[in-house]
Amino acid sequence: MGEFDELRYPFNSLLEFIGGGYFRERAGLHLTIALILFAVLTARVMLGRGPVVQRLITVFFAGTVYNNPAFSVPGGLHFNEIAGVVAALWIGVSLLGGLTMDVRRVGVPIFIGGLVMLAHAAFVSVWHVSLLPDNGTAIMRGVLVARIFVLGIIVVGMEALFRTEADFEALMQAMVTYAVAAILIYFIQVAVFASGTRPYGTYWDAGFTGIPSFGAVSIERGHFGKFLIVLFPFFAWAAAKRRSRIPMLLFFLVTLVNFSASSMSFLAGYLLITLLLLHRFVIRPSALKWAVPAVATVVILASRFGKQYGGLIEKIVEYGVRGGAGGGRGFSVLDAYLSAYPFGIGYSGSTLRNVGMLPQINMGAYAMASQLSFLIIPIFAGFLWLNYRVVRTSPRIGDRIVAGLLVGGMLMVVLIDLVDVLWFVPTLWAPLIIADGLAHARERSAVAEPVTATPVVWGSPSTVH
Amino acid sequence: MQADVADATDGRSPHVVTLLGLANDLLRRPWVLAALVLGSAIGSALVRVMQPRTYTAIASFVPETALPIGGGISLAALAVLGGAEPTVGASTTSSRATSLDAAPSPLPSVPPVKPLDAAYYWEVLHSRALLLTVAGSRFTIQTPTGERVGTAADLYDLPAGPAAARIEDAARKLDRELEVDYDVKTNVLTVGIRTFDPTFARAVTERVLAEVMATNRRVDDDRAQAKVGFLTRAVADARGDLLAAQDELARFLASNRAYVGTSAVALEFRRRDTDVLEKRGHYAELALQLERAKLDRSRATQIISIIQRPETPPRPDSRGLVRATIAGAVGGLAVALLFLLTSGHLARLRGAGSDELRALESEWRAGRRRRAASRARRSTALPVAASEEG
């Protein structure tokens with residue numbers, strides 16, 4: 001194991017994956033199967049219920065974790081992003097045709113945030129020549145900001161198109177199904193590795209655990225872990241409301257064996273928040289039947305991979321608690337940026353996290369501060385206000401468990417945004433959008449009914465029906 | 001809230017808008033839109049034009065793969081031979097070695113720094129020691145008024161003050177003006193320094209390059225020195241061991257002058273003889289390593305190859321005027337959209353008789369009245385106080 005090398009991807013797009021014959025190799029077997037599965041799932045969604053644009057939006061959200069180069073066209077646009085762009089154009093035409101927008105919902109504030117960040121990025125790049133050194137960087141910056149507008153327009157469209165609870169349930173179910181397929185691909189990759197072939201997307205573990213992990217359908221093992229973990233509320237929803245326990249078990253298993261420090265700590269956060277918000281529903285005698293196998297699994301995994309988990313805890317403590325400078329998470333990196341660019345480098349997402357040879361920033365809060373400078377205060381305050389508003393309306397969601405899971409997901413997203421640079425990943429916004437949508441979907445069907453304006457304390461006896 | 005919900009359902013809420021409605025908001029005051037877009041574009045262009053012209057001197061080099069000192073046996077390997085415990089990092093990092101790392105050695109070896117790594121050069125080029133040395137050295141530049149000599153602080157026209165503080169400030173300025181680029185494919189590192197004067201840019205780049213080479217040499221010399229020191233001690237120990245083994249053999253032969261070939265004494269003789277041979281071989285090998293290390297130490301190691309020496313830039317850097325103008329126009333458009341759409345929405349709310357907006361506006365007006373009243377009180381109180389004092 002000591003002589004183990006990482007194996008990344010020798011192709012940059014689907015065309016190269018097919019044209020280079022990688023799909024025939026055993027090392028690319030998992031991606032070939034993943035492509036077939038993705039095609040089948042997408043065909044199922046596209047032939048399913050609702051208007052076409054609604055189905056495109058479903059693919060946009062559900063396919064987020066499929067960000068491997070094999071799932072992209074030349075230029076780097078992924079399949080789910082293509083679906084998103086088409087949906088955004090479609091909604092744009094519908095808006096011209098009279099589709100309405102409600103400024104109090106989630107979509108318009110995303111638009112406003114995008115406009116503020118666009119103005120800031122434009123003006124700081126005028127001041128600092130090095131921020132727009134060439135046309136390529138200028139176009140890249142434009143594309144990065146455009147992604148915010150694509151998300152905004154899709155959310156505006158969702159607010160108009162997703163009218164019933166069934167619409168949102170179909171979306172959540174699709175996200176879970178796509179993710180389960182991704183998890184199966186992970187285990188296929190493990191099997192290929194165990195058979196003696198190193199599959200494409202086999203990674204080291206940043207030096208902390210000593211065993212390899214895999215990218216599966218994502219570009220990298222960390223991406224896979226992080227993009228998957230944000231789906232926790234939907235897996236929990238499927239387990240609680242649809243009795244789909246096996247997907248939840250697979251979700252836990254893959255998170256525990258992927259050895260990603262971020263996803264492991266996020267999982268702990270999700271569990272803690274869910275327990276706090278829904279303890280009335282979770283801590284029950286009937287839950288013991290699940291607690292026993294869960295504890296047994298954790299004990300078995302801990303005894304088998306005790307050293308690896310120890311390494312992960314070391315990494316979390318080093319970077320997260322002590323603020324170690326490694327991995328671009330130290331304060332000195334932020335200091336270097338703010339010294340060179342006191343007004344920030346402009347919104348750059350996760351793609352342009354560094355300027356020139358200044359080190360890359362991986363800590364979410366620091367990256368945000370280095371990009372937005374003083375604007376971080378109104379932007380983040382606006383984001384918190386948006387979350388607060390949706391949390392306030394969430395008691396209108398008929399089901400307490402669903403509401404609790406979505407609110408837990410929203411609260412965790414705030415923490416995730418501070419830790420990692422995943423700000424405009426669609427699935428990160430999904431709990432907020434769906435909670436808001438479900439609250440309003442309930443309203444539409446019960447306009448005549450008076451809706452209680454009393455804030456509900458989660459988990460209190462009054463909320464248990 | 002209930003009214004809003006009902007309004008939203010039948011489309012009469014001022015919060016529910018259409019794209020055409022928003023377009024009307026924009027077109028209601030087109031001159032604001034045009035003024036903000038054009039003003040920002042022209043302003044951005046002016047900012048770029050008014051920024052002082054800069055000149056960038058560029059140098060590029062390839063960090064070469066250095067041969068490990070001592071004919072392939074590294075310091076760590078020798079330390080292992082000498083009985084030292086290998087470091088923890090040695091075994092973990094060796095498997096993660098990049099193509100930029102040194103040639104593989106027979107035993108695990110991880111030098112404390114990686115002089116062939118691009119990140120190492122970034123650290124060296126932005127290191128405080130290097131920048132202070134460069135900023136503190138003297139430069140001669142040609143100006144329209146004649147030759148100018150001084151430190152970087154003098155040439156940057158930094159305000160007078162303690163010399164150390166001025167050098168520190170100049171080093172910081174230099175740090176901001178220094179750009180390092182690394183091409184992964186070609187392994188070429190490019191250093192660019194952007195300053196106000198072409199001659200100064202070239203001179204600073206040359207000095208930086210010389211300092212990088214000096215740093216490399218120092219690091220290399222320190223390492224060679226450490227190896228020589230270690231090998232000297234190891235050779236002395238091996239020589240001592242060899243002499244001791246030879247003495248023991250000699251004493252053994254002196255006390256056992258006659259023996260039979262298969263006796264225990266004969267076996268003991270062979271063991272001691274082999275021991276002497278092994279120690280001699282070990283000693284000879286270490287002595288050879290020591291001589292090689294001494295040779296390496298005396299050789300000035302050049303571990304970078306200059307591809308492009310810095311030259312005086314013949315013309316100033318591009319201002320990127322078109323890009324800046326477009327960026328300014330885009331920024332202005334974003335600001336105009338925010339302004340016009342917000343004011344349009346406020347007008348809609350006012351038209352719909354929004355209670356929240358009315359409360360907000362009355363609070364705002366009350367605040368303004370309070371501030372005006374307190375200003376008026378202050379302005380009347382001041383003459384009274386002055387007259388009382390008078």
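Two residues are in contact if their C-beta atoms, placed from the backbone, lie within 7 Å. The structure is a predicted model, in which local features need pLDDT of at least 70 and side-chain atom pairs count only at pLDDT 80 or more, while totals for chains, interfaces and linings use all residues. Residues are numbered from 1 along each chain as its sequence is written, and chains are lettered from A and ligands numbered from 1 in the order in which they are written.

**Exercise 1. Characterise the two chains by secondary structure, burial and contact range.**

Step 1. Helices (H or I, at least four residues) and strands (E, at least two) are DSSP runs, numbered from the N terminus. Chain A has 19 helices and three strands; chain B has 13 helices and seven strands.

Step 2. A residue is buried if 20 or more other C-beta atoms lie within 10 Å of its own, exposed if 12 or fewer, and partly exposed in between, with C-beta atoms placed from the backbone. Of the 465 residues in chain A, 48% are buried; of the 390 residues in chain B, 25% are buried.

Step 3. Consider the contacts with a separation of 6 or more. Residues 24 or more positions apart supply 74% of them in chain B and 77% in chain A.

**Exercise 2. Derive the strand order and pairing of the four-stranded sheet in chain B.**

Step 1. Two strands pair if DSSP finds at least two bridges between them. Strand 5 and strand 6 of chain B are antiparallel and share six bridges, with Leu178(B) opposite Ile193(B). These two strands form a hairpin with four residues between them, and Asn187(B) in the turn has a positive phi of about 70°.

Step 2. Seven bridges link strand 6 of chain B to strand 2 of chain B, again antiparallel; here Phe61(B) faces Leu189(B).

Step 3. Strand 2 (residues 55–63) of chain B is joined to strand 7 of chain B by four bridges, the two running antiparallel. In this pair Val62(B) stands opposite Ser305(B).

Step 4. The result is an open antiparallel sheet in the order 5-6-2-7. Its edge strands are strand 5 (178–183) and strand 7 (304–308) of chain B, each pairing on one side only.

Step 5. Helix 10 (residues 198–255) of chain B lies across strands 2, 6 and 7 of chain B, at about 140° to strand 6 (188–195) of chain B. Axes are lines fitted to C-alpha atoms, for helices over the stretch in contact, and angles run from 0 to 180 degrees between N-to-C directions. Six of the eight residues in strand 6 of chain B are buried.

**Exercise 3. Locate the largest nonpolar core.**

Step 1. A nonpolar core is a set of buried Ala, Val, Leu, Ile, Met, Phe, Trp, Tyr and Cys residues joined through C-beta atoms within 7 Å. The largest has 153 residues, and those touching the most other members include Ala87(A), Ile154(A) and Ala179(A).

Step 2. Helix 7 (residues 165–194) of chain A contributes the largest share, 16 residues.

Step 3. Beyond four places in sequence, Ala179(A) is in contact with Val65(A), Leu228(A) and Leu231(A).

**Exercise 4. Assess the confidence of chain B.**

Step 1. pLDDT is the predictor's confidence in each residue, from 0 to 100. The mean for chain B is 77, and 77% of its residues reach 70 or more.

Step 2. Within chain B, helix 3 (residues 30–50) has the highest mean, 94, and helix 5 (residues 88–94) the lowest, 33.

Step 3. Over residues 66–115 of chain B the pLDDT stays under 50.
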